[in-house]
Amino acid sequence: MSANIYRYELHVRLKSVLIWSAALAFLILFFLSLFPAFAGQAALMDEMLARFPAEMRAAFNLDKMDLATLLGYFSFTFLFVQLCMAIQASNYGFGLLSIEEAELTADFLLSKPVSRIQVLTSKLLAAVTGLVLTNLVVWVSSFIAISLFKGEREYELQTLLLLLFSGIIFQLFFLSVGMVISLLVRRVRNVTPYGLGLGFGAYLLSAFSGVIKDIVLELLTPFKQFDVTYIVAHGAYDMPLVWLNVGITVVALAASYWLYLHRDIPAVS
Amino acid sequence: MSIIEVSQLTKYYGKARGIVDVSFGVEKGEIFGFIGPNGAGKSTTIRLLLSLIHPTGGKATIFGKDVTTHGPEIRRDIGYLPSEVYYYEGMRVIDLLKYSASFYPGDHTQRMHALAETMELELNRRINDLSYGNKKKVGIVQGLLHSPSVLFLDEPTAGLDPLMQRKFFNLIREENARGVTVFFSSHILSEVQRLCNRVGIIREGRIVEISDIRTLQQNNYKKVRVSTDSTAPVVFDMPGVTHVQAENGTVHFFFKGDINTVLQRLSALRVTDVSIEEPTLEEIFMHYYE
């Protein structure tokens with residue numbers, strides 16, 4: 001770990017962290033502000049949803065969510081939060097080392113008296129700090145939104161905490177998987193398409209698994225591993241899947257270190 | 001013992017050749033020129049020495065330490081000026097120099113300002129807005145500000161105007177006078193001749209010659225062109241003459257040896273034009289080809 005790289009990386013990332021955090025806070029407050037209307041018209045809502053095609057309801061998990069309860073509605077909101085978080089973390093993962101190479105500053109950094117382990121660790125910690133800050137904002141805005149719009153309704157605090165806490169583990173998955181992919185492909189020239197691809201791809205995999213039953217691939221996506229409807233319904237994580245998630249993250253991290261240590265930094269042209 | 005010791009260093013990028021079996025040594029306090037055409041493997045060699053890339057075979061040591069295992073330790077005392085200078089988006093010159101200095105123990109502010117002044121570099125400009133030559137200056141200051149004892153310069157003069165080139169050469173000579181060892185890569189023979197004590201010539205990934213700059217010049221071919229009025233081409237058939245080409249009363253040839261013999265032969269002729277010049281680098285390489 002090298003303090004100056006960490007400081008620089010965090011400084012560069014701060015603007016992006018602020019934008020993502022503000023967007024997420026807005027999303028949570030906006031969705032929750034509609035909750036009183038949804039809850040008041042619960043019967044009407046159910047009737048309307050019943051007219052949707054079953055496949056569509058399955059794709060959005062609407063058949064398992066009870067939008068009239070606070071946690072049911074919050075989990076619906078949190079699905080969108082997850083999607084944003086996935087894209088943010090994937091972007092950071094893909095960009096962590098590749099931006100440096102695409103802009104040819106890797107030569108500058110790696111000709112300094114620092115080891116690659118120090119470089120990677122400092123960059124990772126800076127990115128994780130950014131993600132933790134984003135999560136803090138999500139926590140705070142969730143509590144504010146809920147206290148503003150819950151009215152007289154009660155909810156289980158523990159389940160809410162489980163949902164919120166899943167955020168950072170969920171993001172670490174995308175960060176490390178994005179990073180390992182960026183080291184496996186020859187050169188990432190533009191981070192955004194990769195980040196969007198990984199984030200949306202993982203979401204779609206989980207969404208379609210609701211429509212098409214019995215595919216194993218869905219187990220690999222964090223949207224399934226931290227399935228909001230499962231957490232709300234059981235008041236607990238689906239532990240085997242959470243371990244699978246953590247396992248993939250750890251393997252991706254270890255592989256990234258190995259690949260980066262053995263990497264030939266591409267030269268100009 | 002040599003400061004830089006390279007033995008049988010080989011690098012393949014997949015199947016593509018980088019360098020093959022490169023061996024040489026650079027002594028403390030010398031300016032070693034590394035010349036060769038583009039794509040010969042100059043940058044590959046420097047990038048291997050800085051462990052930006054990993055060798056396929058062979059080994060290299062700097063300060064007696066293996067570059068692949070002691071990289072960070074070695075790089076503490078190395079300055080590197082890459083051939084193309086790109087820096088972080090949106091940074092000002094001063095930010096970058098401070099970031100660079102923060103990697104080395106001690107305070108380098110004073111030296112940074114002195115170097116920036118010598119190279120006439122404006123510290124508050126954004127790096128993105130700088131011209132190629134000015135970016136190069138940022139690279140020069142960045143590579144020198146921590147007073148390294150070994151300098152790697154990869155085509156350092158490209159983009160600098162002649163005045164700046166001279167200032168830069170003076171700077172390098174000053175550093176060298178303080179005992180700094182300089183590894184200077186270039187494809188321009190004349191600048192290497194101006195600055196270096198010894199040169200290594202690399203072609204298609206292999207070292208073709210390592211010699212003292214003086215011996216290289218003495219052994220060197222001169223390019224001679226003679227024009228006469230007579231339609232019959234003049235015959236130069238003395239030892240040391242090669243590559244004779246004659247057309248319309250003009251004779252081109254390469255000559256190696258005592259130039260006086262050519263001059264004596266010329267004095268007997270009635271010539272309309274004569275030129276005797278240094279061969280270009282490419283022409284010297286033709287010599288190493290044979």
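User: How many residues does the contact take from chain B, and how many from chain A?

Analyst: Chain B gives 22 residues and chain A gives 18. A contact means that the C-beta atoms of two residues, placed from the backbone, lie within 7 Å. On the side of chain B that touches chain A, helix H1 (42–49) and helix H2 (71–75) of chain B are the elements with two or more residues. H2(B) has the largest share there, 3 residues. This is a predicted model: local features need pLDDT of at least 70, side-chain atom pairs count only at pLDDT 80 or more, and totals for chains, interfaces and linings use all residues. Residues are numbered from 1 along each chain as its sequence is written, chains are lettered from A and ligands numbered from 1 in the order in which they are written.

User: How do the residues on the side of chain B that touches chain A divide into nonpolar, polar and charged?

Analyst: The split is 12 nonpolar, 5 polar and 5 charged. Ala, Val, Leu, Ile, Met, Phe, Trp, Tyr, Cys and Pro count as nonpolar; Asp, Glu, Lys and Arg as charged; the others, Gly among them, as polar.

User: What makes H6(B) a helix, and how does its reach compare with what is expected?

Analyst: A helix is a DSSP run of H or I with at least four residues, a strand is a run of E with at least two, and both are numbered from the N terminus. H6(B) covers residues 162–177 and has 16 residues, so it passes the cut-off of at least four. The expected span is 1.5 Å times one less than the number of residues. H6(B) reaches 22 Å from its first C-alpha to its last, close to the 22 Å expected. Just after H6(B), Gly179(B) takes a positive phi of about 105°.

User: Why do strands E2 and E5 of chain B stand at the edges?

Analyst: Two strands pair if DSSP finds at least two bridges between them. The open sheet of 4 strands has the order E2-E1-E4-E5 (chain B), with antiparallel pairing. Strand E2 (16–26) and strand E5 (65–66) of chain B each have a single partner strand, so one side of each is left without a neighbour in the sheet. E4(B), residues 57–62, is joined to E5(B) by 2 bridges, so this pair meets the cut-off of at least two. Ile62(B) stands opposite Lys65(B) in E5(B).

User: How do you know that E8(B) is mostly covered?

Analyst: A residue is buried if 20 or more other C-beta atoms lie within 10 Å of its own, exposed if 12 or fewer, and partly exposed in between, with C-beta atoms placed from the backbone. In E8(B), residues 181–186, 6 of 6 residues are buried. Thr181(B), Phe183(B) and Ser185(B) point one way, while Val182(B), Phe184(B) and Ser186(B) point the other way. E3(B) joins E8(B) through 5 bridges and runs parallel. E7(B) also runs parallel to E8(B), with 5 bridges. Phe32(B) has Phe183(B) as its bridge partner in E8(B).

User: Which residues touch the most other members of the largest nonpolar core?

Analyst: They are Leu49(B), Val141(B), Phe152(B), Phe183(B) and Phe184(B), in a core of 120 residues. Helix H5 of chain A (residues 70–102) gives the most to this core, with 15 residues. A nonpolar core is a set of buried Ala, Val, Leu, Ile, Met, Phe, Trp, Tyr and Cys residues joined through C-beta atoms within 7 Å. Leaving aside neighbours within four places in sequence, the contacts of Phe152(B) include Ile46(B), Leu49(B), Tyr80(B) and Phe183(B). A second, separate core has 5 residues, among them Val226(B) and Phe254(B).
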